[in-house]
Every structure is written in structure tokens, then in C-alpha cells.
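Me: Please take a close look at the salt bridges in this structure. I would like to know what they join and how covered the partners are, with enough of the surroundings to place them.

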Amino acid sequence: MAKTALIISGGAPNATLVAGALEAFHELGLQFDVISTAGAGALLGLMYLAPKNGDPVKTLRGLQEMGIADFLYRAFPVNFKVFNKPGTMADGYRQMMAPLQTMLAQWQPQDPLSQTLKDATQLGIASACPSDMHSRSLGLCAHAPFVEDVIDFAQLQQPGTAIWVNAYNLSQHEMANWPRQKIGVQQLQAALSFPLLYAPTEIDGDFYMEGAAIDCLNFKDLRKNHPELEEIVIFDLLGAEKLLRKPKDLYDAWVMSIITPLVEIARDDVKIFEALHGEGITLHKVPLLEAVPHEALPDVFDWSRSNLTRLYQLGYHTGKAYAQQHLTHLYVSQQGDQSAGTDCHERQLARSTQSS
């Protein structure tokens, strides 16, 4: 029976903030009976439980590679690594360029100049990609074509920690929630199909959009499917008023228009859950957004390399501190048994982020 749950909500620009906290949880040996995800949280949860390379820490740290070299991002503030052109021609082009992209992925820049050169090369490849998008297209981007490179979907067919991924069924006008054994590429793509960015995902004749747009924290079905829960841990990314500011440019204004309402919806979801379903449940809120310094808030939605790295480090240290203070009872083994490896983990984290 599931007694403990971890909720990973949506919000792609803040993904490395959550990824850093997940590394800290993994390092400390926290164990949950079930993980409930929505939106970009589905990608993070699956990378955590079923990484393609078998190493969740390396996979989570790899999210920093989504960042664009700072000099390049200032000149062209769009994430061409995450948002890919849609269409059959684009899919064929990506397959043709896959060997070159693999070579680039193996290149580990050691300084900002080489990182800029690597990213500029990737920008050139992305810019040359053809597309058959037109005025009647239903989305601007391809459905995250990289997910099979980072997630081992076959592993989800094996016994393990329960995980749920939600998406909203536009055909039936109801929320779908897929358990571990039923999660495949299409289900993850459906969970990420935010309107305008991605066309609805078709599964068995029905069309789906991102569930986080309706239920950011996937609370309702979690409680229904696991009524015996006693503790729930969420990553607290709430506080839209801290994020509201004058946009830096049109792209920044667009991102704010997406993220800010989702943050407020999540805040309301937490209040409703505590009022209607919170009796007998301890709700832990890991204060990730509070860890972001005030002076860094204007950059929190940036896809720049420095911002993603800063968020990862903040997430790691905040998640670790909170777990050591409030979640020691969820450790698989005693803290003392793992302390020998902690310093090594922190040195590796520092080395992995210094190149930014």
C-alpha cells in the first residue's frame, strides 16, 4: 500500500531547479511509494525512475545541456534545443543529422568560448531544418523528439516505484492518468502537448493536451488511486507575484504569459487539496522558488546556460537541506551510511556545472 508520494509538477523553464532537488533526494536515498506527475514533471519523473543510460544523476544533470551559451542566448533568446520544428520533412532531416548530433553531444566544452561554438553549430543545424508548418497547423513545435534518447520506456514494464502521468482527453473531455506499465512515448508526448507549442497528441483516435494546464499537481487522481497515503512531498514553485515583472523582450513576455497562470492554478490546487483532501495527510512543501535570490528572479525563465546551471545548484542544495531537516524518515538507509559519499557527490556536482 502506498503511504508516501512525490509530486512533480509542470514548468519547463524551471526543470533544472527540480532536477537538482531530485539529485539530492537520490543521493540521500529517499524512497517514495508513488510519484505523480504533470506536464514537464512527467519528463523529470521518468528520467528519474527510468533513465536510458541507467544513471539518474547523470541524466538529470544532463538537463543543463538544454541551456544555450550565454553570449548566443543574449543575441538570439530562443531555445532551439528544446523546441524543434514540426513536420515529416523535419523528422527526416533530424534522422539524417542524427550522427552529427551524436558527435556534438559527445563534445564536452571546457570554457564559455567552446560552449558558444558548440551551441552555434547546433543553431545552424536547427535553422537549416525544413518544416511543412502552415497556417492550419495545430502547433509550432515537434513533440519532444528527444525523449527516447533519455528515457528507457521498456524499463517501465518492470516492477518498480509507481508513477502516474496525466493528460487531458480533448475528445472525451476528461482527464487521463496513465500508470507505470501504460506509459509510452505517446503518453509522455500527450503529457507535454501544451496548446500552441504542440499539436494535440492522438492516441487510439482520441486527442490529448497537457494535463498540467488543468491539474498542475495531479492531486485528484493521486488521492483516488491511493487513498491510503499519509505523506505527500511537493516541490513548491508557487508565488507568481515574485515572478511578475516588466518583460525583457517579446519572447520573455510570451513565456511569462504561460508560466504565471500555471503557478497560480497550482497555488489554488494546493489550497483546495488541503481543504478537501488534506485530513490525515502530512504535506511537505520543498521551498524551491524561495531559494532563488531576488536579483536572479528576472532571469528565472531564461534558457541560458548560466541560469539553468544556477537553478540546478539551487535545487540541489535546497532539496538536500529540506530533506535532511524534514524527510530523514524516508531514507532507504541511515544518513551515516551515506555520508561518506556525500562530499564526493557535491564535488562532482560542482565540476559538472563549472564549465557554464
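Reply: Counting each side-chain nitrogen of Lys or Arg within 4 Å of a carboxyl oxygen of Asp or Glu, the total is ten salt bridges. The model is predicted, and the pairs below should be read with that in mind. In general, side chains of opposite charge can pair when their charged atoms come close.

Take K3 and E230, which form a salt bridge with 3.5 Å between the closest N and O atoms. This pair links distant parts of the chain, with the two positions 227 residues apart: K3 belongs to the segment before β1 (4-8), and E230 to the loop between α9 and β9 (231-235). K3 has a relative accessible area of 31%, so it counts as partly exposed. E230 is also partly exposed, because its relative accessible area is 41%.

E23 and R61 make another salt bridge, and here the closest N and O atoms are 2.6 Å apart. The two residues are 38 positions apart and tie helix α1 to helix α3 (residues 56-61), with E23 in α1 and R61 in α3. The cut-off for buried is under 20% relative accessible area. E23 has a relative accessible area of 0% and is therefore buried. R61, at 12%, is buried too.

The helix that carries E23 deserves a word. Helix α1 covers residues 15-28, and its 14 residues span 20 Å from the first C-alpha to the last, close to the 20 Å expected. Of those 14 residues, 13 are buried, so the helix is mostly covered. Just after α1 comes G29, with a positive phi of about 80°.

D302 and K248 form a further salt bridge, at 2.8 Å from N to O. They too link distant parts of the chain, 54 residues apart: D302 is in the loop between β10 (282-286) and α12, while K248 is in the loop between α10 (240-243) and α11 (250-276). The two partners fall into separate classes of cover. D302 is buried, because its relative accessible area is 9%. K248 is partly exposed, because its relative accessible area is 42%. Some salt bridges share partners, and in this way E65, K118 and R305 are joined into one network.

K118 leads to helix α6 (112-127), where K118 is one of the buried residues, along with S114, Q115, T116, D119, Q122, L123 and I125. The buried residues of α6 pack against α4 (70-75), α5 (88-106) and α12 (305-326). The helix has 16 residues and reaches 22 Å from its first C-alpha to its last, close to the 22 Å expected at 1.5 Å a residue.

One of the helices against which α6 packs, α5, holds another basic residue, R94. R94 is buried, since its relative accessible area is 18%. Leaving aside neighbours within four places in sequence, R94 is in contact with N84, K85, C129, A142 and P145.

After α6, in the loop that runs to β3 (139-141), sits M133. M133 counts as partly exposed because its relative accessibility is 41%. Together with L140 and L196, M133 forms a nonpolar patch on the surface, with about 270 Å² of accessible area in total.

As for the protein around these pairs, there are 13 helices and ten strands. Of its 356 residues, 54% are buried. Among contacts with a separation of 6 or more, 78% are between residues 24 or more positions apart.

On confidence, the average pLDDT is 87, and 89% of the residues score at least 70. Residues 334-342 stay under 50, and the model gives them eight contacts beyond four places in sequence. Where pLDDT is low, the predicted coordinates should not be read in detail.

Notes:
Residues are numbered from 1 along each chain as its sequence is written. Side-chain values use heavy atoms; hydrogens and water are left out. Patches are made of residues with over 30% relative accessible area and no salt bridge: like charges are joined within 9 Å, nonpolar side chains (Val, Leu, Ile, Met, Phe, Trp, Tyr) within 5 Å. Accessible areas come from the Shrake-Rupley method with a 1.4 Å probe; for residues, only the protein chains shown count as cover. Helices (H or I, at least four residues) and strands (E, at least two) are DSSP runs, numbered from the N terminus. Buried means under 20% relative accessible area, exposed over 50%, partly exposed in between (1.4 Å probe, protein chains only). pLDDT is the predictor's confidence in each residue, from 0 to 100. Contact means heavy atoms within 4.5 Å. The expected span of a helix is 1.5 Å times one less than its number of residues.
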